[in-house]
Amino acid sequence: MKAFTFVRPRTVDAAVAALAETGGAVHAGGVDLLDRMKEHVDEPSHLVTLLDVPGRDAIALEDDGGVHLGAGVTLAALAENDVVRRFLPSLAEAAGQAASPAIRHRATLGGNLAQRTRCGYFRIASFSCLKRGADACPVRAETGVQETAAVFANEPCASAHPSSLAPVLQSLGAQLGVQGPKGARSVSLAEAWRAPEKGVAGDLALAADELITAIVVPPRTRPQRVGYEEVRQKAAFDWALVSCGVRVELDDDGRVSDASIVLGSVAPTPWVATAAEAALRGKAFGAEPIAAAAKAATQGATPLSGNTYKVRLVEVAVRRALTRALEGAKGGAR
Ligand SMILES: Cc1cc2nc3c(=O)[nH]c(=O)nc-3n(C[C@H](O)[C@H](O)[C@H](O)COP(=O)(O)OP(=O)(O)OC[C@H]3O[C@@H](n4cnc5c(N)ncnc54)[C@H](O)[C@@H]3O)c2cc1C
């Protein structure tokens, strides 16, 4: 690993100023960042750590029923916190299944959303990669290793987005609180992603001197059910092959008035299964519409020759997540 200077600001403003001044990288838990630095994929001269910024690990139920999650909350805290377990059960579920206990105690929510793809071509400096500036994505080549690659929107880059918390938060309508040199802004997580571009490693549309300060999940306005499911190869210490967060709003007759179904690890950014959402709307929430929605979730898939199996996993994950929602997790305050 190349030597770097560790900068320890004590406020968000000082962290933003240090980023602008040094051109360094944000350091939270360091789980993803140090891994990339050890592999020489990233070699920042400065790390601006958020470890000394107070309040970054706050979890609070707001007066309007929304839930505020500081960007520095660890995955372990998300999985164990009473407010999260009661009001955001699908998020607690996703956080509790991620990685391993040791990693969950170090890894933060902000770092989880901003982590880079696990695509092997991106993570090994000696391979070429479109996100690191190459003209083409080697995953798409006949010789490419494609097993865990994206099956939707996988051109020009077939990397899969690694976060299993992002789809859940997006299904819950979460907003990102962001702070930069021009002040604070709030952006819907659904609108915060950018499609892969040559030479752009990050998937969140943030400037280099902007920080995620918090994630806010709005209060529910109607009765709703939520669910989370993931399919993974190993029981622990690994990323999901496919993950799925769902939120289903019901009217007084138990019909679906709105649905949000978001998948992880299937596209370069979290993937909204719009056909599946449409298949549920207006239907009495039950096993048959769930099966139809799960099937519809595979519409538009463009698997590569080495990962057609992931399309079947999409159907399985969506069916299971919706079934979990049907079985009862209400989610959301109010
Ligand atoms: C074996 C293993 C298994 C894993 N399994 C899963 C899994 O199943 N599901 C899953 O979702 N993840 C999984 N992960 C990934 C893990 O959750 C992330 O690496 C971790 O959450 C990153 O958080 P961090 O605080 O360590 O971030 P860091 O490594 O410090 O930062 C990660 C990136 O985010 C940026 N960043 C950090 N904080 C902020 C901020 N506040 N604002 C702006 N940018 C920021 C950094 O600059 C860096 O680019 C796994 C990791 C390992 C090692």
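**View 1. Several helices and strands help build the shell around the ligand.** At least two residues of that shell come from each of these: strand E2 (25–27), helix H2 (31–38), helix H6 (101–106), helix H7 (109–114) and strand E8. Those labels are DSSP runs numbered from the N terminus, where a helix (H or I) has at least four residues and a strand (E) at least two. Keep in mind that this is a predicted model: local features need pLDDT of at least 70, side-chain atom pairs count only at pLDDT 80 or more, and totals for chains, interfaces and linings use all residues. As for the numbering, residues count from 1 along each chain as its sequence is written.

**View 2. Here are the residues around the ligand.** There are 33 of them, and Gly29, Ala107, Gly110, Gly111 and Ala114 come nearest. A residue is near a molecule if its C-beta atom, placed from the backbone, lies within 6 Å of it. Helix H7 gives the largest share of the shell, 4 residues. Sorted by type, the shell has 20 nonpolar, 10 polar and 3 charged residues. Nonpolar here covers Ala, Val, Leu, Ile, Met, Phe, Trp, Tyr, Cys and Pro; charged covers Asp, Glu, Lys and Arg; the others, Gly among them, are polar.

**View 3. Strand E8 pairs with strands E5 and E6.** E8 spans residues 211–217, and 6 of its 7 residues are buried, so the rest of the structure largely encloses it. Buried means 20 or more other C-beta atoms within 10 Å of a residue's own, exposed means 12 or fewer, and partly exposed is in between, with C-beta atoms placed from the backbone. Strand E5 (residues 67–70) runs antiparallel to E8, joined by 4 bridges, and Leu69 stands opposite Ile215. Strand E6 (residues 175–180) also pairs with E8 in the antiparallel sense, over 5 bridges, with Gln175 opposite Val216. To count as a pair, two strands need at least two DSSP bridges between them.

**View 4. The loop between helices H8 and H9 holds a cis peptide bond and a positive phi.** This loop lies between H8 (120–123) and H9 (165–171), and Pro156 sits in it. The bond joining Glu155 and Pro156 is cis, with omega about 10°. Ala153 is in this loop too, and its phi is near 45°, a positive value in a residue that isn't glycine. Ala153 counts as partly exposed because it has 17 C-beta neighbours inside 10 Å.

**View 5. Phe237 also has a positive phi.** Its value is about 60°, although Phe237 is not a glycine. Look for Phe237 in the loop between strand E9 (224–231) and strand E10 (242–250). With 12 other C-beta atoms within 10 Å, Phe237 is exposed.
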